[in-house]
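Hi everyone, thanks for making time this morning. I'd like to walk you through one model, so let me put it up on the screen.

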Amino acid sequence: MEFEKKLKKRILTARIFLIAGPLLMAVSIWQKLDNEFFFAWGTALMVIGIVRLRQYRKLMASPEAMRAREVAETDERNVMLTNKAKSYAFFWYVLICGVAVIVLEFMNQVQIATALAFSVCFLVLLYWVCYYVVRRKY
């Protein structure tokens, strides 16, 4: 039952994407924007929404497939592997960006270095906020 609630939340997210996509496309057309940024994002969100809705509805229609997916997502080993991969990705992102900031500063690419440094600072700040929230829950 818990997994079914999770799937219903995912379906809601897919529906939001499906609504946001055409809205962004309409803004792009209505504002007569020169770049295709909003149109491309709108198209991507719409496609993601359609694909996800189809996947989740198909999954909910088959109890066997839903049970297999639930096991795959809640199995302790899979959860541990997912968390470990996220941890490594976080570590390597911060490390590589930190080195890139130093290299970019030496190359007088101050704007790019500053943007990258703020990106790393924001990610670390977000990590600490999430850490304290999770720590209070458990």
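Let's begin with the second largest pocket, which is lined by F90, L123, L126, Y127, C130, Y131 and V134. Keep in mind as we go that this is a predicted model. The volume of this second largest pocket comes out at about 200 Å³. Which helix gives the most to its lining? That would be α5, residues 110-137, with six residues. If you sort the lining of the second largest pocket by type, you get seven nonpolar residues, no polar ones and no charged ones. For anyone thinking about probes or grids, that is a lining with nothing charged in it.

Now compare the largest pocket, at about 240 Å³. Its lining is made of A72, E73, N78, V79, T82, N83, K86 and V134. You may have spotted V134 there; that residue is listed for the second largest pocket too. By type, the lining of the largest pocket splits into three nonpolar, three polar and two charged residues. Two helices, α3 (63-74) and α4 (76-106), each supply at least two of the lining residues. The biggest giver to the largest pocket is α4, with five residues.

Next, the cysteines. How many disulfides does a search of the whole structure find? Zero. Take C97: the closest cysteine sulfur to its own belongs to C121, and at 11 Å that is too far for a bond, because a disulfide needs the two sulfurs within 2.5 Å. Seen from the other side, C121 is in no disulfide either, with the sulfur of C97 as its nearest at 11 Å. C97 is also buried, at 7% relative accessible area.

On to the inside of the model. As a general point, nonpolar side chains in soluble globular proteins tend to be buried together. Here, the largest nonpolar core has eight residues, namely F3, L7, I11, A14, L53, Y56, L59 and M66. Helices α1 (2-30) and α2 (37-61) are the elements that give two or more residues to this core. The largest share comes from α1, with four residues.

Let me zoom in on one member of that core, Y56. Where does Y56 sit? In helix α2. Is Y56 buried or exposed? Buried: its relative accessible area is 6%, and the cut-off for buried is under 20%, so Y56 falls on the buried side. Setting aside neighbours within four places in sequence, Y56 touches L7, R10, I11 and R69. Of those contacts, R10 is 46 residues away from Y56 along the chain, yet their C-alpha atoms are separated by 7.9 Å.

Now two leucines from helix α1. The first to look at is L18, which is found in α1. L18 counts as partly exposed, with 27% relative accessibility. Leaving out neighbours within four places in sequence, L18 is in contact with L45, M46, G49, I50 and L53. L53, by the way, is one of the residues of the largest nonpolar core. For a sense of distance, L18 and P63 are 45 residues apart along the chain, and their C-alpha atoms are separated by 26 Å.

The other leucine is L23, also placed in helix α1. L23 is exposed, at 52% relative accessible area. That value is over the 50% cut-off, so L23 is classed as exposed. How far is the C-alpha atom of L23 from that of Y131? The separation is 35 Å, for residues 108 places apart along the chain. Y131, you may recall, is one of the residues lining the second largest pocket.

Last stop, a backbone detail. In general, most residues other than glycine have a negative phi. What is the phi of N108? Near 60°, so to speak a positive value in a residue that isn't glycine. N108 lies in the loop between α4 and α5. At 64% relative accessibility, N108 counts as exposed.

That's my tour. I'm happy to rotate the view back to anything you'd like to see again.

Technical notes
Residues numbered from 1 in each chain as written. Predicted model: local features only at pLDDT ≥ 70, side-chain atom pairs only at ≥ 80, totals over all residues. Heavy atoms only, no water. Buried < 20%, exposed > 50% of the residue type's maximum accessible area, 1.4 Å probe, protein only. 1 Å grid on protein atoms, 1.4 Å probe; cavity = no way out; pocket = protein on both sides within 12 Å on 5 of 7 lines; lining within 4 Å. Points joined across faces, edges and corners; volume = space filled by probe spheres on them. Nonpolar A, V, L, I, M, F, W, Y, C, P; charged D, E, K, R; others polar. Core = buried A, V, L, I, M, F, W, Y, C linked by side-chain atoms within 4.5 Å. Contact = heavy atoms within 4.5 Å.
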